[in-house]
Amino acid sequence: MKAASSSLRAAFSHCVLQVRSYDYHHYLCLLELPANMRKAAFALRAFNVETARAMDVASDPKIGLMRLLWWEEAIDKIYANKLIEHPTAQALSSVISESKISKAWLKRVVNARINDANRDVIDLPESIEELEKYAEDTASTLLYMTLQAGGIKSTAVDHAASHVGKASGLLLLLKSLPYHASRNRHFSYIPAKVAAKHGLLVKEGGRSEIRLDSREGLCDAVFEMASVANAHLVKARELANSVPVEARKALLPAVPAQVLLDSLSKVQFDVFDSMLARGVLGKPPLWFQLKLKWYSWRGIY
């Protein structure tokens, strides 16, 4: 019994370390959560780290895809009460048994990652709406599961979480554009309609490709997408008075989303500006932590 308890503690410690290492701004958000949500939130965020990084850490895309398919199978095993020798899976299994997290939501996250991994590197999403759906299926769904773990049921908070997740997901995709371009993924997260509008789309051999002949065009495209994210943040905050007080800390990811939006604005939406890589989302770490604490203390997001 002691060995099992020790193993589970080690599994949750692993989750905390994973989130701190690879998703630091959300790590700080999770520290503000009440205890009944925090443990589950770290397991869920660690699961997100595992699936979000699967393609990036793999030496071959096929290996990354196999990792995602492994997680899809692992979810089935967890709900069948089968033991999996993986710390994040063990922590997730514990959380699921305690909080009754929806299997459909976990599957939604991993299936969104699998569908994204299956895209050809030069296959562009057609519209911003496609990226909004991807953000809904990943970032928003993580918030739904965190709220479920806290026993919070509210239509208003679900609507707010949807908007916060979409804003967060879109902005993080924008921040990742230089990284994906450096790994020969081109600019596969700029929708074709947006790219064409700003003179970035070139057709060669029957395929559409984004070219960076105009940095100004890229900045304009990023601004258009960031404006959609901003609209989601505005809508989420319009719902604030309808969101139960006990649910508001779960929506603190709106704070790093706003910080990233402000940082993008400061560099005229140039995703290649080195300022964005400094500190936490372009801001000094202490400044970010104090801002987050202030929002948490005031019960706002």
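A crossing of two helices is called left-handed if the near helix is turned anticlockwise from the far one by less than a right angle, and right-handed if it is turned clockwise. Keep that in mind while we walk through this predicted model, since two helix pairs will come up.

Let's start with the whole chain. It has 13 helices and 2 strands. The C-alpha trace spans about 60 × 45 × 35 Å along its principal axes. How does the radius of gyration fit with a compact globule? For 301 residues, such a globule would have a value near 19 Å, and the chain has 19 Å, so the two agree. Buried residues make up 52% of the 301 residues. Sequence-distant contacts are plentiful too: take the contacts between residues at least 6 apart in sequence, and 71% of them join residues at least 24 apart.

Now for the helix pairs. Two packed helices are described by the angle between their axes and the distance between the axes. Take α8, residues 155–175, and α11, residues 215–238: they pack at an angle of about 160°, with their axes 8 Å apart. Anything over 145 degrees counts as roughly antiparallel, and α8 and α11 are therefore roughly antiparallel to each other. As for handedness, α8 passes α11 in a left-handed crossing. If you want to trace the contact on the model, look on the α8 side for A160, H163, V164, K166, A167, L170, L171 and L174. Facing them from α11 are V222, M225, A226, V228, A229, H232, L233, K235 and A236. Sorted by class, this contact has 13 nonpolar, 2 polar and 2 charged residues.

The second pair is α4 with α5. Helix α4 covers residues 61–79, and α5 runs over 87–99. Their axes come within 10 Å and cross at roughly 40°. Is that parallel or oblique? The cut-off for roughly parallel is under 35 degrees, and α4 and α5 are therefore oblique to each other. Their crossing is right-handed. Here W71, I78 and Y79 of α4 meet T88, A89, L92, S93 and I96 of α5. By class, that contact divides into 6 nonpolar, 2 polar and no charged residues.

It's worth pausing on T88, which sits in helix α5. Is T88 buried or exposed? Its relative accessible area is 0%, so it is buried. What surrounds it? Setting aside neighbours within four places in sequence, T88 is in contact with H14, C15, A43, A46, F47, E50 and W71. W71 is the familiar one in that list, as it also belongs to the α4 side of the helix contact.

Finally, have a look at a bit of backbone geometry in the loops. Most residues other than glycine have a negative phi. K100 goes the other way: its phi is positive, about 55°, although it is not a glycine. You'll find K100 in the loop between α5 and α6, the latter being residues 103–117. K100 is exposed, with a relative accessible area of 60%.

Q268 has a positive phi as well, near 55°, and it too is a residue other than glycine. Where does Q268 lie? Look in the loop between α12 (254–266) and α13 (285–298). With a relative accessible area of 56%, Q268 is exposed.

Notes
Residues numbered from 1 in each chain as written. Predicted model: local features only at pLDDT ≥ 70, side-chain atom pairs only at ≥ 80, totals over all residues. Heavy atoms only, no water. Axes fitted to C-alpha atoms, helices over the stretch in contact; angles between N-to-C directions. Helix = DSSP H or I, 4+ residues; strand = E, 2+ residues; numbered from the N terminus. Parallel < 35°, antiparallel > 145°, perpendicular 65-115°, else oblique. Contact = heavy atoms within 4.5 Å. Nonpolar A, V, L, I, M, F, W, Y, C, P; charged D, E, K, R; others polar. Buried < 20%, exposed > 50% of the residue type's maximum accessible area, 1.4 Å probe, protein only. Rg over C-alpha atoms; globule rule 2.2 N^0.38 Å.
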